Amino acid sequence: MPKTFQDAVAITRGLGLRYIWIDSLCIIQQDKADWEQQSAVMADIYAGCYLNIATTRAGGGHEGCLGERWTVRNSLKWADGFSRAVSRGRDSERISRTRKCGVKSFKVPGTQQDIRIRLAMESSHEALQTPRWIRGHNDTAPLLLRAWVYQERFLSARTVHLHASEMVWVCDVRQRCECKALDGTTRDGDGWSASKDRILTLGGMNNKEIHGLWRTIVEDMTLLDLTYESDRLPALSGLASRFAKYLPNNERYLAGLWEGDLARNLLWESGGSTQTAGPTRERKGSAPSWSWASLVWGGGDSVSGLEWEYETKPKLAKWAGVKTYKQDPRTRIIGAFVNIDGQNKYGIAKSGSIVIEGALCGVLLRESARTSLSSLSNVTTVKYGIFNSLHLNYDTPTAEASAGGIVYCIFIGSFSEVFDYDKHPHVTHQGLILKPTANRKFERIGRWSQHIEDWVHNKDVWTRKSGVQRIEII
């Protein structure tokens with residue numbers, strides 16, 4: 001057996017347990033039917049386990065999870081070099097590689113016993129507490145960058161993390177670590193993150209709070225890596241089934257979005273406009289364009305991940321604003337459906353459609369592009385240059401080029417932000433950027449936003465005056 005499996009067996013025997021479950025052994029590899037059946041019950045498997053052994057320090061099955069601890073390489077020389085580098089303003093020299101180093105006992109003068117001490121360790125706590133910066137821990141906690149591991153952390157009643165620096169314990173009651181820095185702190189979360197605490201209290205949340213927590217989970221999930229991008233939704237299916245228990249019985253799960261707040265859920269933003277290597281979209285046999293699952297996520301330090309407005313997240317600092325969302329009264333979801341590949345209703349989505357009504361406007365990006373679909377001849381068209389506050393945030397770096405010089409913007413809703421030092425609301429309109437397809441339907445290619453402030457010229461230039469259109473987005 002691979003070394004990591006051997007170590008897991010040793011831990012299980014050491015605890016006096018008789019059984020061990022390892023997904024790559026217990027799920028028949030390359031068997032699609034068995035994989036579909038087992039992936040659909042992952043939530044039950046992890047929720048029912050006695051202990052989840054997280055080999056956090058191991059990047060694969062052959063590295064093992066029991067071994068010497070990591071410390072900062074040659075710590076005394078490193079500290080001296082760091083001091084000199086800072087004094088010269090050369091902070092970049094402070095980064096040092098890690099190495100494996102055994103924990104040694106040193107005699108402390110004036111005591112009757114040996115006290116075990118060790119040199120400075122790489123931090124294991126940030127990897128567990130700050131998912132939004134998880135890619136910075138690729139060398140020390142590679143397991144946590146794997147998307148399939150994400151839901152295990154929240155579904156398991158108790159987990160032990162075998163980190164290269166120390167062991168960390170997280171359960172439904174508390175979390176502990178060897179150096180005690182995590183004792184008494186919030187489990188698996190830093191306020192921005194979907195912490196285990198909040199998932200454990202789903203029963204006490206209202207629908208708005210549950211939908212907001214789900215959006216945060218998706219944000220964290222898009223930062224993580226998968227061998228097959230088609231597994232992105234199945235890797236969340238366990239958590240989706242858990243959330244479904246606390247939402248209305250008739251609320252459908254639509255390719256990673258919940259129907260009960262669907263219009264609001266469409267307002268995700270990928271950062272693709274600012275990332276030369278950032279998310280790509282494969283349209284053949286993938287999730288519909290309006291779903292975040294239609295993009296390829298993870299896979300590099302330059303990828304920032306998906307974001308929604310933080311209206312439902314805690315206020316972390318006094319300077320932060322409090323946001324509220326209001327859907328435009330003209331926006332209405334007429335119908336939606338998703339085609340699922342397989343038996344797991346929370347699994348792979350291979351196509352889908354949304355029929356929506358709302359204020360629609362054509363935005364001319366280039367002077368030479370004056371053509372539009374004949375069926376949209378009654379749609380107001382404006383030049384992009386007349387706005388000084390309209391931002392077109394495309395899903396991928398190539399999305400604008402694929403639009404052919406004209407895009408269509410549909411208005412979804414507005415966010416109003418109020419600060420402690422300024423009670424005057426700061427309003428931002430948001431909606432989807434669309435491009436027409438050959439069959440007179442639309443595909444999503446981004447999200448637009450427009451600030452509505454006193455200094456803004458031509459504010460509401462189209463959101464107020466444009467007519468309502470009924471369109472289908474695929």
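This passage describes the confidence of the model, a run of paired strands, one enclosed helix and the internal cavities.

The structure is a predicted model, with a mean pLDDT of 82 over the protein and with 79% of the residues scoring at least 70. Over residues 90-101 the pLDDT falls below 50, although this stretch has 27 contacts in the model beyond near neighbours in sequence. Where pLDDT is low, the predicted coordinates should not be read in detail.

Strands E6, E7 and E8 are linked by two successive pairings, in which E7 takes part in both. Strand E6, spanning residues 158-162, pairs with strand E7, residues 167-171, in the antiparallel sense over 5 bridges, and the two are joined by a hairpin of 4 residues. Within this pairing, Thr 159 is placed opposite Val 170 of E7. Strand E7 is in turn joined by 3 bridges to strand E8, which covers residues 175-177 and runs antiparallel to E7; here the hairpin has 3 residues between the strands. In this second pairing Val 168 stands opposite Cys 177 of E8.

Helix H7, formed by residues 147-155, has 9 of its 9 residues buried, and it is therefore largely enclosed by the rest of the structure. The buried set includes the aromatic residues Trp 148, Tyr 150 and Phe 154, and the charged residues Glu 152 and Arg 153 are also among the buried positions of H7.

The structure holds 2 cavities of 30 Å³ or more. The largest has a volume of about 60 Å³, and H7 supplies the largest share of its lining, namely 3 residues. Tyr 150, Arg 153 and Phe 154, which are buried residues of H7, line this cavity together with Pro 131, Ile 134, Leu 144, Asp 220 and Leu 224. By class, the lining of the largest cavity comprises 6 nonpolar and 2 charged residues, with no polar residue; the charged members are Arg 153 and Asp 220.

The second largest cavity, with a volume of about 50 Å³, is lined by residues that include Trp 35, Glu 36 and Ser 39, together with Pro 234 and a group comprising Asp 341, Gly 342, Gln 343, Asn 344, Gly 347 and Ile 348. Its lining consists of 3 nonpolar, 5 polar and 2 charged residues. Thus polar residues, of which there are 5 in the lining of the second largest cavity, are absent from the lining of the largest cavity.

Technical notes: Residues numbered from 1 in each chain as written. Predicted model: local features only at pLDDT ≥ 70, side-chain atom pairs only at ≥ 80, totals over all residues. Heavy atoms only, no water. Pairing = 2+ DSSP bridges. Buried < 20%, exposed > 50% of the residue type's maximum accessible area, 1.4 Å probe, protein only. pLDDT = per-residue confidence, 0-100. Contact = heavy atoms within 4.5 Å. 1 Å grid on protein atoms, 1.4 Å probe; cavity = no way out; pocket = protein on both sides within 12 Å on 5 of 7 lines; lining within 4 Å. Points joined across faces, edges and corners; volume = space filled by probe spheres on them.
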